[in-house]
Amino acid sequence: LHETLSEPAVAAAAARVPLVQLDRQVRGLAAPWVGVEDHKGIQELMAHLNAIGVRTIGMVTSTSASISAGARTQEVIREAQRLNMDLSSEHLIDTHLSLEDGVAAAGVLLNAGPLPDAIVCVNDLLGVGLLNGLRRHEISCPRDVLVTGFDGMRFSSIMAPSLTTVVQPLAGIAAEGIRLLSDPFNARTGITVALPGKLRLGEST
């Protein structure tokens, strides 16, 4: 949705002034982009789940919301296959990016039958919503199921249980964005810079 609905405004701005895209991206523009390395972040997350014995997983995502959400989803699918984890279609929930949709996803997953060992959420917003939804159904995390997020939002570390997530390097993204914006040549190119995130283990796994 961001890529299609925001394209006219972002393209118009890029044609008038130097512009750098941070986090969300409209592809095909002569404007640089800086964000987190989604693929490596998911690989670290899945390696952690594999190391603690996870064999079945579910996922709550929103592939229409952004390029990053789609990339993370595809990487989870690839890593699940590579690590011989079972990800059934009933456990792949494609919804919207909101707390409320995370809450609702808990009911959908429970109606699909026994829960998988772990549920990977495409971002922390859905992860926190899912944890609340599971709690409403008297499902305990991490006793009954493990849950992970992505982004490292501040509230994900102070809730109970704290959420295992991949923390975006916000300071690094901002610094790189300013560096590109200050260079007239780079600010008119389609260069992309992906910085590594950091796995932060929480009580949810």
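1. Val36 and Leu195 are bridge partners, the latter residue belonging to strand β8. This pairing is a convenient entry point to the structure, which is a predicted model. Strand β2 covers residues 33–36 and strand β8 covers residues 192–195; the two run parallel and are joined by four bridges.

2. On which strand does the bridge partner of Leu22 lie? The partner is Val34, in β2. Strand β1, made up of residues 21–22, is linked to β2 by two bridges, again in the parallel sense.

3. Taken together, these pairings give an open sheet of three strands, arranged in the order β1-β2-β8 with parallel pairing. The edges of the sheet are β1 and β8, each of which pairs on one side only. In general, the strands of a sheet pair through backbone hydrogen bonds, and the pairing may be parallel or antiparallel.

4. The wider setting of the sheet may now be described. The chain contains nine strands and seven helices. Its radius of gyration is 18 Å, against 17 Å from the globule rule for 205 residues; the two values are close, so the chain is as compact as a globular protein of that length. The C-alpha trace spans about 55 × 35 × 30 Å along its principal axes.

5. How much of the chain is buried? Of its 205 residues, 49% count as buried. The exposed surface of the chain amounts to about 9700 Å², of which carbon and sulfur atoms supply 57%.

6. The contacts and charges of the chain also deserve a remark. Among contacts with a separation of 6 or more, 74% are between residues 24 or more positions apart. The chain carries 16 positive and 21 negative charges, and the mean positions of the two sets are 5 Å apart.

7. Three individual residues, each in a helix, may guide a reader through the model. His48 is located in helix α3, which comprises residues 38–51. Is His48 buried or exposed? His48 counts as buried because its relative accessibility is 13%, and the cut-off for buried is under 20%. Beyond the residues up to four places away in sequence, His48 touches Thr164, Leu199, Leu201 and Thr205.

8. Glu79 belongs to helix α4, formed by residues 67–82. With a relative accessibility of 5%, Glu79 likewise counts as buried. Once neighbours within four places in sequence are set aside, Glu79 is in contact with Gln43 and Met46. Both of these contact partners have numbers that fall within the range of helix α3, residues 38–51. As for distance, the C-alpha atoms of Glu79 and Pro184 are 39 Å apart in space, and the two residues are 105 residues apart in sequence.

9. Asn132 is found in helix α6, which comprises residues 124–136. Its relative accessible area is 27%, so Asn132 is partly exposed; this value lies between the 20% and 50% cut-offs. Which residues does Asn132 contact, leaving aside its neighbours within four places in sequence? They are Val103 and Met159. Val103 is 29 residues from Asn132 in sequence, yet the C-alpha atoms of the two residues are 6.0 Å apart in space.

Conventions:
Residues numbered from 1 in each chain as written. Predicted model: local features only at pLDDT ≥ 70, side-chain atom pairs only at ≥ 80, totals over all residues. Heavy atoms only, no water. Rg over C-alpha atoms; globule rule 2.2 N^0.38 Å. Buried < 20%, exposed > 50% of the residue type's maximum accessible area, 1.4 Å probe, protein only. Contact = heavy atoms within 4.5 Å. Areas by Shrake-Rupley, 256 points an atom, 1.4 Å probe, with all protein chains shown as cover. Lys, Arg positive; Asp, Glu negative; His and termini not counted. Charge placed at Lys NZ, Arg CZ, Asp CG, Glu CD. Pairing = 2+ DSSP bridges.
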